[in-house]
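Got your viewer open and a mouse in hand? Then come along and select each stop as we reach it.

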Amino acid sequence: MTKVTMTVNGKSVSADSEARTLLSEFLREGLRLTGTHVGCDTSQCGACVVHVDGLAVKSCTVLAQDVAGAEVRTIEGMANADGSLGVIQQAFQDHHGLQCGFCTPGMVMTAASLLKDNPKPTEHEVREYLEGNICRCTGYHNIVKAIMAASGQDVSAIAAE
Amino acid sequence: MYNFEFTKPTTIADAVAALKADEAQALGGGQTLLPTMKQRLAAPSSLVSLTAIPEMQGVCMSDANEVCVGGATPHASVAIHAATMFPALAALANRIGDPAVRNRGTVGGSLANNDPSACYPAAALGTGATIKTNTREIAADDYFQGMFTTALEDGEIITEVRFPVPEKANYQKFVQPASRFALVGVFVAKYADGARVAVTGASSDGVFRWAEAEAALSADFSAGALAGLAVPGGDMISDLHGSGEYRAHLVKVMTGRAVTAAA
């Protein structure tokens with residue numbers, strides 16, 4: 001066991017870690033931040049997406065020790081300081097961008113990554129960017145709509161199907 | 001996965017020394033190796049992360065008109081920084097996997113693994129790239145030696161890849177929709193001394209050059225030049241995603257699309 005330290009959602013945190021401990025395990029079991037979900041554990045589904053030094057990564061396919069010292073942001077760090085939902089989270093609620101909610105942490109983190117680089121994406125760009133995030137409930141339509149809305153664009157023309 | 005020793009050196013020399021340990025394995029972005037280890041298809045006794053070595057990071061232009069990519073440079077970085085230097089290479093990097101995978105996976109990792117359906121081998125072979133390691137420089141034509149097989153020796157690290165910039169180039173990938181790997185991918189490049197065509201995803205021998213198409217395109221760089229050519233289906237991968245004949249057909253279709261897009 002090695003003590004691994006990193007900054008998670010602005011706070012310096014440490015937990016014991018084996019070499020094989022994945023970042024997803026470090027967050028969920030080491031820090032008890034269970035908002036990051038593990039859907040497939042094979043880097044297909046994207047439920048485990050978090051940001052490492054500002055970049056979206058699949059935390060089930062990164063070793064915790066390999067990102068020691070990094071700045072990590074998880075879904076727990078997406079709410080506003082007063083505890084209210086962040087813009088993307090609120091848009092998911094407003095536009096029914098989730099049903100069971102299992103994929104939502106990864107969807108929100110991926111959306112945040114997209115909007116950082118591309119503040120006004122087209123619907124096509126949103127769909128392309130979500131390639132590595134799988135949702136089995138919504139059919140994606142309202143997720144795309146929520147992300148478009150979070151970017152400040154008019155989504156009234158995007159009809160629910 | 002089974003446990004292992006983990007080290008993260010900051011120089012190539014330290015990484016080479018660490019890889020001398022018994023059953024040590026280099027770790028790039030881990031986007032193939034970690035899933036493989038979870039399946040217990042690989043169980044190295046130690047992993048040597050190559051992602052903290054500054055001299056293996058970044059994209060630059062050489063005096064010889066080559067795009068030089070550090071071996072541990074992630075795909076997303078190539079997509080951004082090679083965009084004006086070599087748009088076809090940047091576009092290829094920008095369609096590997098998904099955005100999160102592109103933030104971790106590295107060019108050196110892709111070429112060292114030499115998955116028969118990976119994209120980067122097509123770019124390296126299609127440009128006649130030079131694969132630079134800690135001990136030598138290897139021409140792409142000598143580097144790829146069949147599915148998951150390369151000229152690399154045990155413990156040898158890809159420190160840089162140099163891609164000669166062509167006059168025109170394009171990469172066309174027919175995506176296998178579940179895995180997002182190339183069912184067939186074709187990289188076409190036109191140089192002053194002729195055209196190169198490299199095909200990934202199709203052959204059971206891994207990436208290969210389609211010599212007949214290169215000859216035809218060197219004489220006439222247009223999709224029409226491919227009209228009389230056919231790729232034999234016998235050596236092609238045949239699986240539930242597509243028969244060998246289907247893949248052979250796709251090779252010609254995707255080559256034509258690449259030529260049209262490049263021209």
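The tour goes through chain A, then its helices, and ends in chain B.

Before the first click: this is a predicted model, where local features need pLDDT of at least 70 and side-chain atom pairs count only at pLDDT 80 or more, while totals for chains, interfaces and linings use all residues. Residues are numbered from 1 along each chain as its sequence is written, chains are lettered from A and ligands numbered from 1 in the order in which they are written, and side-chain values use heavy atoms, with hydrogens and water left out.

**Stop 1: chain A as a whole**

Select chain A and switch to cartoon view. You should find five helices and five strands (DSSP runs numbered from the N terminus, H or I of at least four residues for helices and E of at least two for strands). Follow the sequence and the pattern reads β-β-α-β-β-β-α-α-α-α. The radius of gyration is 16 Å, close to the 15 Å from the globule rule for 161 residues, so chain A is as compact as a globular protein of that length. (That radius is taken over C-alpha atoms, and the rule is 2.2 Å times the number of residues to the power 0.38.) Its C-alpha atoms fill a box of roughly 55 × 35 × 25 Å along the principal axes.

**Stop 2: two domains**

Now colour residues 2-77 of chain A as domain 1 and 87-150 as domain 2; such bounds come from an automatic or database domain assignment. Their C-alpha centres sit 21 Å apart. Where they touch, domain 1 of chain A gives 17 residues and domain 2 of chain A gives 15 (contact means heavy atoms within 4.5 Å).

**Stop 3: H2 against H5**

Two packed helices are described by the angle between their axes and the distance between the axes. Select residues 87-94 of chain A, helix H2, and residues 141-150, helix H5: their axes come within 8 Å and cross at roughly 135 degrees. (Axes are lines fitted to C-alpha atoms, for helices over the stretch in contact, and angles run from 0 to 180 degrees between N-to-C directions.) H2(A) and H5(A) are therefore oblique to each other; under 35 degrees would be roughly parallel, over 145 roughly antiparallel, 65 to 115 roughly perpendicular, and the rest is oblique.

Show side chains next. Val87(A), Ile88(A), Ala91(A) and Phe92(A) of H2(A) meet Ile143(A), Ala146(A), Ile147(A) and Ala150(A) of H5(A). What classes are the residues in the contact of H2(A) with H5(A)? Eight are nonpolar, with no polar and no charged ones. (Ala, Val, Leu, Ile, Met, Phe, Trp, Tyr, Cys and Pro count as nonpolar, Asp, Glu, Lys and Arg as charged, and the others, Gly among them, as polar.)

**Stop 4: add H3**

Add residues 104-117 of chain A, helix H3, which packs against H2(A) at about 125 degrees with the axes 10 Å apart. That makes H2(A) oblique to H3(A). Among the residues to click here are Gln89(A) in H2(A) and Thr104(A) in H3(A); the contact divides into seven nonpolar, two polar and no charged residues.

Then turn to H3(A) and H5(A), whose axes come within 11 Å and cross at roughly 40 degrees.

**Stop 5: chain B**

Finally, select chain B, with 10 helices and 12 strands. Colour its domains: 5-49, 57-164 and 168-262. The C-alpha centres of domain 1 and domain 3 of chain B lie 33 Å apart. The C-alpha trace of chain B spans about 55 × 45 × 30 Å along its principal axes.
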